[in-house]
Amino acid sequence: MTHTNAPLPISMEFFPPKTPDGADKLAAVRQQLYPLKPTYCSVTYGAGGSTQDGTLNTVRAILSEGFDAAPHFSCIGASKATVRTQLQQFKEAGIRRIVALRGDLPSGYGGFGEFRYASELVAFIREETGDHFHIEVAAYPEMHPQARNPQADIKAYVAKVKAGANAALTQYFYNSDAYFRFVEEAEAAGAFIPVIPGIMPITNSSQLLRFSDACGAEVPRWIRTRLEGFGDDKASIQAFGLDVVTDLCEQLRCAGVPGLHFYTMNQAGPVQALCDRLGLGA
Ligand code: FAD
């Protein structure tokens with residue numbers, strides 16, 4: 001990675017709203033965030049069908065508002081026939097980029113389907129649609145929680161790159177060394193695509209700690225203990241969180257990362273505050 005003075009591209013992630021009221025709120029949040037000029041916005045996807053229509057509808061709305069948009073698309077439990085149909089639907093909607101994932105099976109859901117790993121989905125998308133889609137895949141600087149070990153996880157990541165991924169978005173992290181080490185090891189293993197750090201603002205300590213345990217992201221002890229020390233004092237949590245995540249983004253920017261991908265949690269304020277501190281966007 002080399003540092004340049006070029007503006008740092010940013011992207012933003014939303015989840016599909018479940019109610020008409022939620023859709024209105026998200027539309028307002030998007031309007032607040034668009035002045036930051038995201039390269040694209042991505043919309044998450046529920047493995048096993050829970051929010052798939054919501055994903056496509058939200059992506060269509062973003063495209064109609066003049067911004068590029070990418071559905072997240074997970075393959076667990078899916079057949080090749082259904083994936084083929086959905087890819088066709090994406091093409092018809094004017095979609096040119098996809099975040100391709102394995103996903104996690106919802107509890108009580110049947111088998112894996114015809115795809116076992118995201119690398120198989122990436123290969124299938126390339127076989128079926130050539131270079132139509134720009135494909136992003138997931139990367140885990142602190143290791144995917146189901147991986148046997150970090151080396152096996154790097155191997156799995158490299159398989160996604162060899163299958164045709166254009167770029168990677170990382171799970172969030174608060175320890176930049178884990179990210180730098182991941183990029184070094186991936187490159188040593190022959191994977192040279194841009195690895196865009198996923199940035200999770202810190203706004204709520206119990207939610208963050210719960211989330212992080214489930215997805216394999218580490219909240220370092222010094223951050224955890226300070227958050228715990230603030231108790232229910234939301235203003236202090238948010239001020240501290242903004243300082244910590246601004247510093248993290250600064251370190252990443254100084255090291256020349258190819259962009260920042262913000263997990264917005266469908267809220268405008270935290271990402272606006274961060275970008276404001278970083279002098280990004282508007
Ligand atoms: P994979 O890359 O297939 O990896 C899954 C596991 O299998 C890893 O442990 C890997 O090491 C292992 N593995 C892979 N290939 C092999 C192999 N050949 N042999 C042995 N082991 C192998 N989930 C959703 O449901 N919806 C979303 O919208 C969503 N968006 C996300 C966005 C980002 C940026 C990230 C980082 C994650 C997202 N997730 C989402 C979560 C993701 O679906 C889960 O983390 C899931 O468990 C793994 O998906 P993957 O695409 O990383 O899988």
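Helix axes are taken here as lines fitted to C-alpha atoms over the stretch in contact, with angles running from 0 to 180 degrees between N-to-C directions. With that in hand, the helix pairs of this predicted model can be described one by one, followed by the surroundings of the ligand.

A good place to start is the pair formed by helix H3, which spans residues 80-92, and helix H4, which spans residues 118-129. Their axes lie 11 Å apart and meet at an angle of about 60°. H3 and H4 are therefore oblique to each other, and H3 passes H4 in a right-handed crossing. On the H3 side, the contact is made by Lys80, Val83, Arg84, Leu87 and Lys91, while H4 contributes Leu121, Phe124, Ile125, Glu128 and Thr129. Sorted by character, the residues of this contact between H3 and H4 comprise five nonpolar, one polar and four charged.

Next comes the pairing of helix H5 (residues 150-162) with helix H6 (residues 176-188), where the packing angle is about 60° and the axes are 10 Å apart. H5, too, passes its partner H6 in a right-handed crossing. Ile154, Tyr157 and Val158 of H5 meet Phe182, Glu185 and Ala186 of H6. Five residues of the contact of H5 with H6 are nonpolar and one is charged, with no polar residue taking part.

Further along the chain, helix H9 (residues 234-254) packs with helix H10 (residues 269-278) at an angle of about 50°, and their axes are 10 Å apart. That angle makes H9 oblique to H10. The crossing of H9 and H10 is right-handed. From H9, the contact draws on Leu242, Asp243, Val245, Thr246, Cys249, Glu250 and Arg253; from H10, on Ala273, Leu274, Arg277 and Leu278. Six nonpolar, one polar and four charged residues make up this contact of H9 with H10.

Attention now turns to the ligand. There are 21 residues around the ligand, and those that come nearest are Tyr45, Asp104, Tyr140, Asp153 and Lys160. For Lys160, a polar side-chain atom is found 2.7 Å from an oxygen atom of the ligand. Backbone atoms also take part: an N or O atom of the Arg102 backbone lies 2.8 Å from a ligand oxygen atom. In the case of Ala147, a backbone N or O atom is placed 3.2 Å from an oxygen atom of the ligand.

Conventions. Residues are numbered from 1 along each chain as its sequence is written. This is a predicted model: local features need pLDDT of at least 70, side-chain atom pairs count only at pLDDT 80 or more; totals for chains, interfaces and linings use all residues. Side-chain values use heavy atoms; hydrogens and water are left out. Helices (H or I, at least four residues) and strands (E, at least two) are DSSP runs, numbered from the N terminus. Angles under 35 degrees count as roughly parallel, over 145 as roughly antiparallel, 65 to 115 as roughly perpendicular and the rest as oblique. A crossing is left-handed if the near helix is turned anticlockwise from the far one by less than a right angle, and right-handed if clockwise. Contact means heavy atoms within 4.5 Å. Ala, Val, Leu, Ile, Met, Phe, Trp, Tyr, Cys and Pro count as nonpolar, Asp, Glu, Lys and Arg as charged, and the others, Gly among them, as polar. A residue is near a molecule or strand if one of its heavy atoms lies within 4 Å of it. A polar contact is a pair of N or O atoms within 3.5 Å; within protein, one must be able to donate a hydrogen and the other to accept it, and residues adjacent in sequence count only if both atoms are side-chain atoms.
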